[in-house]
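Colleague: I should like to learn how to read the features of a model such as this one. May we go through it together?

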Amino acid sequence: MSDKRRAFESPADLARPITQPVLRRPAATTMGAVLVVLRVLAGVWWLLALTFKWNDVLLDDLGLGDEPDFQALGNDVKEAISSGILNAVLIVGGIVLVIELLFALLVFRGVNWARVVVMVFATLSIIGSFVGWWLGGQEITVHTTLVTLALDILVLLALSSQGARAYARRPRERRPRGSVA
(Lines give C-alpha, C1' and ligand atoms only; values in the text may rest on other atoms or scores of the structure.)
Protein backbone atom coordinates (compact mmCIF):
# COMPACT_ATOMS: atom_id res chain seq x y z
CA MET A 1 0.00 0.00 0.00
CA SER A 2 1.40 3.41 -0.95
CA ASP A 3 1.91 6.27 1.46
CA LYS A 4 -0.84 8.53 0.19
CA ARG A 5 -1.21 12.03 1.62
CA ARG A 6 -4.43 12.60 3.49
CA ALA A 7 -6.83 15.27 2.26
CA PHE A 8 -6.95 16.82 5.74
CA GLU A 9 -4.14 17.16 8.25
CA SER A 10 -4.95 18.12 11.81
CA PRO A 11 -3.50 21.39 13.13
CA ALA A 12 -1.72 19.41 15.85
CA ASP A 13 0.12 17.37 13.19
CA LEU A 14 1.05 20.52 11.29
CA ALA A 15 2.38 22.25 14.43
CA ARG A 16 4.43 19.26 15.58
CA PRO A 17 8.17 19.79 14.98
CA ILE A 18 9.82 17.77 12.25
CA THR A 19 12.17 15.24 13.85
CA GLN A 20 13.99 13.88 10.81
CA PRO A 21 16.13 16.37 8.93
CA VAL A 22 15.42 16.64 5.24
CA LEU A 23 18.81 16.89 3.60
CA ARG A 24 17.87 17.64 0.00
CA ARG A 25 15.89 20.65 -1.14
CA PRO A 26 12.64 19.33 -2.61
CA ALA A 27 11.68 20.22 -6.17
CA ALA A 28 8.56 21.95 -4.84
CA THR A 29 10.67 24.44 -2.87
CA THR A 30 12.90 25.13 -5.86
CA MET A 31 9.90 25.51 -8.13
CA GLY A 32 8.18 27.80 -5.61
CA ALA A 33 11.22 30.10 -5.57
CA VAL A 34 11.44 30.04 -9.38
CA LEU A 35 7.75 30.91 -9.62
CA VAL A 36 8.24 33.86 -7.26
CA VAL A 37 11.08 35.07 -9.52
CA LEU A 38 8.76 34.69 -12.52
CA ARG A 39 6.19 36.73 -10.58
CA VAL A 40 8.85 39.44 -10.16
CA LEU A 41 9.58 39.37 -13.89
CA ALA A 42 5.85 39.70 -14.58
CA GLY A 43 5.85 42.72 -12.27
CA VAL A 44 8.76 44.28 -14.16
CA TRP A 45 6.89 43.66 -17.43
CA TRP A 46 3.76 45.29 -15.94
CA LEU A 47 5.72 48.36 -14.80
CA LEU A 48 7.28 48.73 -18.25
CA ALA A 49 3.88 48.44 -19.93
CA LEU A 50 2.48 51.00 -17.49
CA THR A 51 5.29 53.40 -18.34
CA PHE A 52 4.57 53.24 -22.07
CA LYS A 53 0.80 53.59 -21.61
CA TRP A 54 0.93 56.06 -18.72
CA ASN A 55 -0.88 58.94 -20.46
CA ASP A 56 -3.78 56.65 -21.42
CA VAL A 57 -3.97 55.29 -17.87
CA LEU A 58 -3.84 58.74 -16.33
CA LEU A 59 -6.41 60.33 -18.59
CA ASP A 60 -8.79 57.45 -19.33
CA ASP A 61 -8.58 54.91 -16.51
CA LEU A 62 -8.07 57.38 -13.67
CA GLY A 63 -10.48 59.88 -15.22
CA LEU A 64 -8.23 62.93 -15.06
CA GLY A 65 -9.02 63.74 -18.70
CA ASP A 66 -12.57 64.72 -17.69
CA GLU A 67 -11.59 66.62 -14.53
CA PRO A 68 -12.13 70.38 -15.10
CA ASP A 69 -9.56 71.33 -12.42
CA PHE A 70 -6.92 69.19 -14.13
CA GLN A 71 -7.78 70.56 -17.58
CA ALA A 72 -7.45 74.14 -16.29
CA LEU A 73 -3.79 73.56 -15.41
CA GLY A 74 -1.06 74.46 -17.85
CA ASN A 75 0.68 71.79 -19.91
CA ASP A 76 3.91 72.11 -17.92
CA VAL A 77 2.06 71.61 -14.63
CA LYS A 78 0.09 68.65 -16.03
CA GLU A 79 3.32 67.08 -17.28
CA ALA A 80 5.01 67.58 -13.90
CA ILE A 81 2.06 66.04 -12.04
CA SER A 82 1.90 63.15 -14.50
CA SER A 83 5.62 62.36 -14.32
CA GLY A 84 5.62 62.76 -10.52
CA ILE A 85 2.81 60.24 -10.09
CA LEU A 86 4.46 57.83 -12.55
CA ASN A 87 7.81 58.09 -10.76
CA ALA A 88 6.15 57.41 -7.40
CA VAL A 89 4.36 54.35 -8.81
CA LEU A 90 7.59 53.06 -10.37
CA ILE A 91 9.61 53.58 -7.17
CA VAL A 92 7.02 51.86 -4.95
CA GLY A 93 6.61 49.06 -7.51
CA GLY A 94 10.38 48.61 -7.74
CA ILE A 95 10.73 48.40 -3.96
CA VAL A 96 7.94 45.80 -3.81
CA LEU A 97 9.62 43.75 -6.55
CA VAL A 98 13.02 43.85 -4.79
CA ILE A 99 11.37 42.68 -1.56
CA GLU A 100 9.61 39.92 -3.47
CA LEU A 101 12.94 38.86 -4.98
CA LEU A 102 14.42 38.72 -1.47
CA PHE A 103 11.52 36.48 -0.43
CA ALA A 104 12.27 34.18 -3.39
CA LEU A 105 15.83 33.79 -2.11
CA LEU A 106 14.62 33.10 1.43
CA VAL A 107 12.10 30.52 0.18
CA PHE A 108 14.87 28.84 -1.83
CA ARG A 109 17.03 28.67 1.31
CA GLY A 110 14.14 27.03 3.18
CA VAL A 111 13.10 29.81 5.57
CA ASN A 112 9.66 28.82 6.84
CA TRP A 113 8.32 32.28 7.75
CA ALA A 114 9.21 33.54 4.26
CA ARG A 115 7.38 30.58 2.71
CA VAL A 116 4.30 31.37 4.80
CA VAL A 117 4.43 35.10 3.96
CA VAL A 118 4.73 34.36 0.23
CA MET A 119 1.73 32.00 0.43
CA VAL A 120 -0.32 34.62 2.33
CA PHE A 121 0.43 37.31 -0.25
CA ALA A 122 -0.31 34.91 -3.11
CA THR A 123 -3.63 34.12 -1.45
CA LEU A 124 -4.43 37.81 -1.02
CA SER A 125 -3.52 38.46 -4.65
CA ILE A 126 -5.82 35.66 -5.83
CA ILE A 127 -8.64 36.98 -3.61
CA GLY A 128 -8.05 40.51 -4.93
CA SER A 129 -8.29 39.30 -8.53
CA PHE A 130 -11.48 37.42 -7.74
CA VAL A 131 -13.08 40.39 -5.97
CA GLY A 132 -12.09 42.69 -8.84
CA TRP A 133 -13.67 40.31 -11.32
CA TRP A 134 -16.77 39.66 -9.21
CA LEU A 135 -17.60 43.21 -8.12
CA GLY A 136 -15.87 45.48 -10.58
CA GLY A 137 -16.14 43.54 -13.79
CA GLN A 138 -12.34 43.42 -14.10
CA GLU A 139 -11.42 41.20 -17.02
CA ILE A 140 -9.00 38.38 -16.41
CA THR A 141 -7.11 38.06 -19.67
CA VAL A 142 -3.54 37.40 -20.73
CA HIS A 143 -3.06 41.16 -21.09
CA THR A 144 -4.29 41.92 -17.56
CA THR A 145 -4.07 39.54 -14.59
CA LEU A 146 -4.15 36.00 -15.96
CA VAL A 147 -0.38 35.45 -15.88
CA THR A 148 0.09 36.73 -12.33
CA LEU A 149 -3.02 34.88 -11.18
CA ALA A 150 -1.71 31.61 -12.63
CA LEU A 151 1.71 32.19 -11.04
CA ASP A 152 0.11 32.88 -7.66
CA ILE A 153 -1.89 29.64 -7.86
CA LEU A 154 1.22 27.66 -8.82
CA VAL A 155 3.21 29.28 -5.97
CA LEU A 156 0.52 28.17 -3.52
CA LEU A 157 0.54 24.63 -4.89
CA ALA A 158 4.33 24.36 -4.76
CA LEU A 159 4.95 25.91 -1.36
CA SER A 160 2.04 24.21 0.40
CA SER A 161 3.29 20.76 -0.54
CA GLN A 162 4.30 18.36 2.18
CA GLY A 163 7.92 18.30 0.99
CA ALA A 164 8.27 22.10 0.93
CA ARG A 165 6.73 22.31 4.40
CA ALA A 166 9.02 19.61 5.81
CA TYR A 167 12.11 21.23 4.26
CA ALA A 168 11.23 24.69 5.60
CA ARG A 169 10.49 23.32 9.08
CA ARG A 170 13.51 21.01 9.31
CA PRO A 171 15.76 21.22 12.34
CA ARG A 172 18.86 23.25 11.69
CA GLU A 173 22.30 22.93 13.19
CA ARG A 174 23.08 25.72 15.61
CA ARG A 175 26.49 27.21 14.99
CA PRO A 176 28.23 29.31 17.62
CA ARG A 177 28.40 32.99 16.80
CA GLY A 178 31.43 33.98 14.84
CA SER A 179 32.05 30.51 13.44
CA VAL A 180 32.53 30.04 9.73
CA ALA A 181 30.30 27.58 7.88
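Colleague: How many salt bridges does a search of the whole structure find?

Modeller: The model is a predicted one. A salt bridge requires a side-chain nitrogen of Lys or Arg within 4 Å of a carboxyl oxygen of Asp or Glu. Searching the whole structure yields one salt bridge. Its partners are the side chains of aspartate 152 and arginine 39, at 2.8 Å from N to O. The pair links distant parts of the chain, for aspartate 152 lies in helix α7 (residues 146-159) and arginine 39 in helix α2 (residues 27-52), 113 residues apart.

Colleague: Are aspartate 152 and arginine 39 buried or exposed?

Modeller: Both aspartate 152 and arginine 39 are buried.

Colleague: Which other residues of α7 are buried, and what covers them?

Modeller: Besides Asp152, the buried residues of α7 are Thr148, Leu149, Leu151, Val155, Ala158 and Leu159. Their cover includes α2, α5 (75-109), α6 (112-136) and α8 (162-168).

Colleague: How does the span of α7 compare with the expected value?

Modeller: From first C-alpha to last, the 14 residues of α7 reach 20 Å, close to the 20 Å expected at 1.5 Å a residue.

Colleague: Why does threonine 29 count as buried?

Modeller: Buried means under 20% relative accessible area. Threonine 29 counts as buried because its relative accessibility is 3%. This residue, threonine 29, belongs to helix α2. Leaving aside neighbours within four places in sequence, threonine 29 is in contact with Val107, Phe108, Leu159, Ala164 and Tyr167. Of these, Leu159 is also among the buried residues of α7.

How values were computed:
Residues numbered from 1 in each chain as written. Predicted model: local features only at pLDDT ≥ 70, side-chain atom pairs only at ≥ 80, totals over all residues. Heavy atoms only, no water. Helix = DSSP H or I, 4+ residues; strand = E, 2+ residues; numbered from the N terminus. Buried < 20%, exposed > 50% of the residue type's maximum accessible area, 1.4 Å probe, protein only. Contact = heavy atoms within 4.5 Å. Expected span 1.5 Å × (residues − 1).
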